[in-house]
Amino acid sequence: MPSHDLLAGRTVIVTGAATGIGQAFAVGAAAQGANVVVADMNAADETVAAVEAAGGKALAVRVDVADNASVQAMARAAVDRFGRIDGLVNNAAYFREVKLTPFEELDPAQWDRIFAVNVKGVWQCCKAVMPAMREQKSGAIVNIASVVAVAGQPGYLHYVATKGAVLSMTKGLAKECGPHGVRVNVIAPGFVITDATKNRPIEWQQSFLKARAISREQKPDDLVGTALYLLSDLAGFVSGQTIVVDGGHIMY
Ligand SMILES: NC(=O)c1ccc[n+]([C@@H]2O[C@H](COP(=O)([O-])OP(=O)(O)OC[C@H]3O[C@@H](n4cnc5c(N)ncnc54)[C@H](O)[C@@H]3O)[C@@H](O)[C@H]2O)c1
């Protein structure tokens, strides 16, 4: 993506930025002039190097979004280093561990953990950035859900339920945060090829391709433009919205 200055001087936190879609968001924000907080439970050296190569400043923070203390520390580190928080992309998720399972056979412990990361984690990250955004009277939060929350998907009920919660939370947050100048929106990606998904059965992958208006593989970079738009002033009057980015499969 060509470099511009949609986010010049802004600070954007991207959770789950060590790999995949989160890494693409981090690099895309840097290319638009943002300082990027590369937040992940795993080491994110590759993303930090890519952010710097794109001309941005990077701060790597180890965080488990399900753990409130580490989320609060992430927000403090962002303010200490860059002085402000303008954007938050809630991308981290319990996702690659999820296996096709009939709903009656789901493991209750996995049900609790997926809600702790995908739902409570989003809430905790929003809470952590809100003091800075409220003080600035501006901010943009982009939550990453999934088309499965819109269209349903057999065999992943716990995951589908968490992403449905992200859609609804986005609307509630948008109404509550709007008076403070903070916009909250959601991107619902289709099936994207990442390390988390590349080993899914090939017939399954191809069924998505065939159903799309734009019949090709979806890559992490296909989501970046929408995230940058929602983080930037171009979307200054857009809040509480769900944008499905899936090549025209689900028309929402
Ligand atoms: N790949 C797809 O087909 C697809 C489709 C729809 C939605 N999504 C969503 O997009 C996002 C990224 O997906 P991806 O394919 O890049 O997955 P991924 O597994 O490659 O990346 C997820 C990242 O989040 C991090 N992470 C996981 N749990 C965490 C936690 N508790 N705290 C902090 N970091 C944590 C992981 O270390 C990893 O770096 C997820 O929200 C996923 O649900 C993906």
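**Exercise 1. Which side chain meets that of aspartate 233 in a salt bridge, and at what N to O distance?**

Solution. The structure is a predicted model.

Step 1. The partner of aspartate 233 is arginine 10, with 2.8 Å from N to O. The cut-off for such a pair is 4 Å.

Step 2. Locate both residues in the chain. Aspartate 233 belongs to the loop between helix H8 (221–231) and strand E7 (242–245), while arginine 10 sits in the segment before strand E1 (11–15); the pair therefore ties together parts that are 223 residues apart in sequence.

Step 3. Assign the exposure classes. Aspartate 233 is exposed, at 55% relative accessibility, because the threshold for that class is over 50%. Arginine 10, at 23%, is partly exposed.

**Exercise 2. Determine how many salt bridges the whole structure holds, and describe two further examples.**

Solution.

Step 1. The search of the whole structure returns five salt bridges. As a general principle, side chains of opposite charge can pair when their charged atoms come close.

Step 2. One of them joins aspartate 64 to arginine 113, with the closest N and O atoms 3.4 Å apart. Aspartate 64 is in the loop between strand E3 (58–62) and helix H3 (68–82), and arginine 113 is in helix H4 (residues 108–136), so this bridge links parts that are 49 residues apart in sequence. Both partners are partly exposed: aspartate 64 has a relative accessible area of 24%, and arginine 113 has one of 30%.

Step 3. Another brings together the side chains of aspartate 222 and arginine 216, at 2.9 Å from N to O. Aspartate 222 is partly exposed at 28%, and arginine 216 is partly exposed at 42%.

**Exercise 3. Establish whether strand E2 is enclosed or open, and identify the strands that pair with it.**

Solution.

Step 1. Count the buried residues. In strand E2 (residues 35–40), six of the six residues are buried, so the strand is largely enclosed by the rest of the structure.

Step 2. Separate the two faces. Asn35, Val37 and Ala39 point one way, Val36, Val38 and Asp40 point the other way, and all are buried.

Step 3. Examine the pairing with E1. E1 and E2 are parallel and share five bridges; valine 14 has valine 38 of E2 as its bridge partner. With helix H1 (residues 20–31), these two strands form a right-handed β-α-β unit.

Step 4. Examine the pairing with E3. E2 and E3 run parallel and are joined by five bridges, and alanine 39 stands opposite valine 61 in E3. The chain passes from E2 to E3 through helix H2 (residues 45–53), and this β-α-β crossover is right-handed.

**Exercise 4. Compare the settings of aspartate 86 and serine 146, two loop residues.**

Solution.

Step 1. Aspartate 86 occurs in the loop between H3 and strand E4 (87–90). Serine 146 occurs in the loop between strand E5 (139–144) and helix H5 (148–151).

Step 2. Aspartate 86 is buried at 8% relative accessibility, and serine 146 is buried at 7%.

Step 3. Consider the polar contacts. The aspartate 86 side chain reaches the backbone nitrogen of threonine 11 at 2.8 Å. The serine 146 side chain reaches the backbone nitrogen of valine 148 at 3.1 Å.

Step 4. List the contacts beyond four places in sequence. For aspartate 86 they include Gly9, Arg10, Met133 and Gln136. For serine 146 they are Tyr159, Lys163, Ile187, Ala188 and Pro189.

**Exercise 5. Describe the largest nonpolar core and name the element that gives the most to it.**

Solution.

Step 1. The core has 42 residues, of which Ile13, Met74, Ile85, Leu88 and Ile141 touch the most other members.

Step 2. The elements giving two or more residues to this core are E2, E3, H3, H4, helix H6 (157–177) and strand E6 (182–189). H4 gives the most, with 11 residues.

Step 3. Take one member as an example. Leaving out residues up to four places away in sequence, methionine 74 touches Ile13, Thr15, Ala39, Val61, Val63 and Cys125.

Step 4. A second, separate core has 33 residues, including Val12, Ala29, Ala30 and Leu228. In general, nonpolar side chains of soluble globular proteins tend to be buried together.

Conventions
Residues numbered from 1 in each chain as written. Predicted model: local features only at pLDDT ≥ 70, side-chain atom pairs only at ≥ 80, totals over all residues. Heavy atoms only, no water. Helix = DSSP H or I, 4+ residues; strand = E, 2+ residues; numbered from the N terminus. Buried < 20%, exposed > 50% of the residue type's maximum accessible area, 1.4 Å probe, protein only. Pairing = 2+ DSSP bridges. Right-handed = clockwise from strand over helix to strand, strands pointing away. Polar contact = N/O pair within 3.5 Å; in protein donor to acceptor, adjacent residues only side chain to side chain. Contact = heavy atoms within 4.5 Å. Core = buried A, V, L, I, M, F, W, Y, C linked by side-chain atoms within 4.5 Å.
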